Amino acid sequence: MDEINNPGDEKARCKNHPERESIYFCSKYKYPLCEECARCPDPELYCKFRSSCIIHFLEKERRAGNGRK
Ligand SMILES: [Zn+2]
């Protein structure tokens with residue numbers, strides 16, 4: 001068992017920001033991320049969770065937004 005959160009604390013914390021509540025979760029690497037850190041660590045790599053990955057979806061949205069003229 002990898003215990004990264006305080007016992008009894010139901011809220012997941014960002015892997016990079018322990019003080020922040022995480023709202024995203026990487027199913028592939030099994031860690032929670034805050035909005036700022038919500039990026040796929042291996043976008044080039046095959047990920048079986050990708051079709052339902054909120055982080056990947058978010059990245060696609062970001063890219064679509066950036067690409068707008
Ligand atoms: Zn973070």
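## Tour from Ile55 outward

Select Ile55 to begin: apart from residues up to four places away in sequence, Ile55 touches Tyr24, Cys26, Leu33, Ala38, Arg39 and Cys40. The model on screen is predicted.

Keep Ile55 selected and add Cys14, Cys26, Leu33 and Ala38. Together these five residues form the largest nonpolar core. Cys26, Leu33 and Ala38 are also among the residues that Ile55 touches.

Now colour the whole chain by secondary structure. The protein chain has one helix and two strands, and from the N terminus the order of elements is β-β-α. Buried residues come to 12% of the 69 residues. Among contacts with a separation of 6 or more, 8% are between residues 24 or more positions apart.

Switch the colouring to pLDDT. The average over the protein chain is 86, and 83% of the residues score at least 70. Confidence is highest in E2, at 95, and lowest in helix H1 (residues 54–66), at a mean of 89. Where pLDDT is low, the predicted coordinates should not be read in detail.

Next, select Tyr24, which lies in strand E1. Is Tyr24 buried or exposed? Neither label applies: Tyr24 is partly exposed, because 19 other C-beta atoms lie within 10 Å, and a buried residue needs 20 or more. Beyond its neighbours within four places in sequence, Tyr24 is in contact with Pro32, Leu33, Ala38, Ile54 and Ile55. Of these, Leu33, Ala38 and Ile55 belong to the largest nonpolar core.

From Tyr24, draw a C-alpha to C-alpha distance to Leu58. The two residues are 34 positions apart in sequence and 9.9 Å apart in space. Leu58 lies in helix H1. Leu58 is partly exposed, because 15 other C-beta atoms lie within 10 Å. A second distance from Leu58 goes to Arg39: the residues are 19 apart along the chain, with their C-alpha atoms separated by 8.2 Å. Arg39 has already appeared on this tour as one of the residues that Ile55 touches.

Finish at Lys30, in the loop between strand E1 (24–26) and strand E2 (31–33). What is the phi of Lys30? The angle is positive, about 60°, although Lys30 is not a glycine. Show the surroundings of Lys30 as well: this residue counts as exposed because there are 10 C-beta neighbours inside 10 Å, and the cut-off for exposed is 12 or fewer.

Notes: Residues are numbered from 1 along each chain as its sequence is written. This is a predicted model: local features need pLDDT of at least 70, side-chain atom pairs count only at pLDDT 80 or more; totals for chains, interfaces and linings use all residues. Helices (H or I, at least four residues) and strands (E, at least two) are DSSP runs, numbered from the N terminus. Two residues are in contact if their C-beta atoms, placed from the backbone, lie within 7 Å. pLDDT is the predictor's confidence in each residue, from 0 to 100. A nonpolar core is a set of buried Ala, Val, Leu, Ile, Met, Phe, Trp, Tyr and Cys residues joined through C-beta atoms within 7 Å.
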